[in-house]
Amino acid sequence: IPSPTEEDSRMESWYRTVGIRGISRLSLRTTDRSVGGRGLFLSTTTQSKRAVFRGEIVAHIPATLVLTKSNYATGESKLRNVGWPIVLTALAFLASSHDDNILAPWIRAWGDGGVEAPISPDNLNDEKVQNLAALTGVASSIIREASAARHDTYLRDSLVLKRILHDVFNIDVRDDLDNDRLVASLYSVILSRTANLGQEWNNQRGVIPLHDMINHCEDNSCIELMTVGDVKRFTDINKLWEQSEEFLNNNSKRDNDGMESVKDRDILLVASRDILPGDELFLNYRQGKTGRKVEDEEKAWLSLQYGFPIAK
């Protein structure tokens, strides 16, 4: 694994500061080795270089760190019937605008890489279209159509989003080009990194620190997203926690809190197979859809949404 960039190191430091467990055995790296250009790896630099075995907890993320409506907008009645991409983008914009917001360093780092904001068909670069067509194996015309549809969807959502920012949060971005670009960028990241949080969260969608850095590989995924409540339903969480204790001991400020600080909504990243030191961690973004034929239009849409080909 190559050395971290300054931004990689800043993010790892932030993970520790906010109490995410497991960081000492994980490495965030910006590298061509990663399928997405930046990814999460099982570290090779710690004293204990053993593999992580199937069923072990890889990381624990406190529920309070998840960017989701129930955490940060429960009292806003005007958001009740607004779609999650719009709400989460508004919340991300709000958090990034305040230095004292605990999520600000994480969200501000979203601009350092990843999927591009929706592009108007008039500004779509021919070279980019040809590259995506070659990577996905679909015609350039389909890439252009998917890009135009993606841009149209953003334009519709952005009108509601800007109204929400103005009416609910007293922020006017309608005549501010820099903020307009930031909103578009945050919207794209939200779409590409949001996960279904499961039963404990009433199937809300949210963005999870650390989890959002794990790339897709349908044939080689090794991480499953669970909550503490999920695990409690089928195993002894205390025993599993004890088995994973070495991995979770990451010198964060919550190291000594033990199970007393753990909530049912807390997020767990659990190994779905054995993982060796130096391996990149992967999720399957198409969970439940593996084996289903993917039409060219969906291939194009997924490649634009995630920034690299998702489906074969």
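This is a conversation about how the labels used for this predicted model follow from its computed values.

Biologist: Let's start with the whole chain. What makes up its secondary structure?

Modeller: The protein chain has 11 helices and 9 strands. Of its 312 residues, 50% are buried. Among contacts with a separation of 6 or more, 74% are between residues 24 or more positions apart.

Biologist: Let's pick one residue. Why is H151 called buried?

Modeller: Buried means under 20% relative accessible area. H151 has 13%, so it counts as buried. Its place is in helix α6, which covers residues 140–167.

Biologist: Which residues is H151 in contact with, leaving aside its neighbours within four places in sequence?

Modeller: Those are P118, I119, S120 and P121. To be called a contact, heavy atoms must be within 4.5 Å.

Biologist: Now the rings, please. How many aromatic pairs does a search of the whole structure find?

Modeller: The search finds 4 aromatic pairs. One of them is formed by W14 and W106, with 6.1 Å centre to centre and 15° between the planes.

Biologist: What makes W14 and W106 a pair, and are they stacked or edge-to-face?

Modeller: Ring centres must lie within 6.5 Å to pair, and planes under 30 degrees apart count as stacked. At 6.1 Å and 15°, W14 and W106 meet both conditions, so they are a stacked pair.

Biologist: Why does this pair tie together parts that are apart in sequence?

Modeller: W14 lies in helix α1 (residues 6–17) and W106 in helix α4 (residues 104–108), so the pair joins parts that are 92 residues apart in sequence. Both W14 and W106 are buried.

Biologist: W106 also pairs with W110. Why is that pair called edge-to-face?

Modeller: The planes of W106 and W110 are 90° apart, and the centres are 5.3 Å from each other. Planes over 60 degrees apart count as edge-to-face, so the label fits.

Biologist: How do you know whether W106 and W110 are buried or exposed?

Modeller: The limit for buried is again under 20%. W106 has a relative accessible area of 2%, so it is buried. W110 has 3%, so it is buried too. Ring pairs link W14, Y15, W106 and W110 into a cluster.

Biologist: There are charges beside some rings as well. How do you know where the charged end of R205 sits?

Modeller: The charged end of R205 is 4.9 Å from the centre of the ring of W84, and it sits over that ring. The distance part of the rule asks for within 6 Å, so 4.9 Å passes. R265 has its charged end over the ring of W201, 4.5 Å from the centre.

Biologist: How many cavities of 30 Å³ or more does the structure hold?

Modeller: It holds 1 such cavity. The largest cavity has about 50 Å³ of space. Its lining is formed by M11, Y15, R38, W106, A109, W110, R193, D212 and M213. By class, that lining has 6 nonpolar, no polar and 3 charged residues.

Biologist: Back to helix α4, where A104 lies. Why does A104 count as buried?

Modeller: A104 has 0% relative accessibility, which is under 20%, so it counts as buried. Leaving aside neighbours within four places in sequence, A104 is in contact with A95 and H98.

Biologist: What about N170: buried or exposed?

Modeller: Exposed means over 50%, and N170 has 68%, so it is exposed. N170 is in the loop between α6 and α7. Its phi is positive, about 55°, although N170 is not a glycine.

Biologist: And why is N202 called exposed?

Modeller: With a relative accessible area of 64%, N202 is over the 50% limit, so it is exposed. N202 is found in the loop between β4 and β5. It has a positive phi near 55° and is a residue other than glycine.

Biologist: One last case. Why is E116 called partly exposed?

Modeller: Partly exposed is the range between the limits of 20% and 50%. E116 has 41%, so it falls in that range. E116 lies in the loop between α4 and α5. Leaving aside neighbours within four places in sequence, E116 is in contact with K128, R150 and S188. The C-alpha atoms of E116 and L304 are 8.1 Å apart, with their positions 188 residues apart along the chain.

Notes
Residues are numbered from 1 along each chain as its sequence is written. This is a predicted model: local features need pLDDT of at least 70, side-chain atom pairs count only at pLDDT 80 or more; totals for chains, interfaces and linings use all residues. Side-chain values use heavy atoms; hydrogens and water are left out. Helices (H or I, at least four residues) and strands (E, at least two) are DSSP runs, numbered from the N terminus. Buried means under 20% relative accessible area, exposed over 50%, partly exposed in between (1.4 Å probe, protein chains only). Rings of Phe, Tyr and Trp (its six-membered ring) pair if their centres lie within 6.5 Å; planes under 30 degrees apart count as stacked, over 60 as edge-to-face and the rest as tilted. A charge sits over a ring if NZ of Lys or CZ of Arg is within 6 Å of the ring centre and within 35 degrees of the ring normal. On a 1 Å grid over the protein atoms alone, a cavity is a set of points where a 1.4 Å probe fits but cannot get out, and a pocket is an open set with protein on both sides within 12 Å along at least five of seven lines; lining residues have an atom within 4 Å of a point. Grid points are joined across faces, edges and corners, and a volume is the space filled by probe spheres set on the points. Ala, Val, Leu, Ile, Met, Phe, Trp, Tyr, Cys and Pro count as nonpolar, Asp, Glu, Lys and Arg as charged, and the others, Gly among them, as polar.
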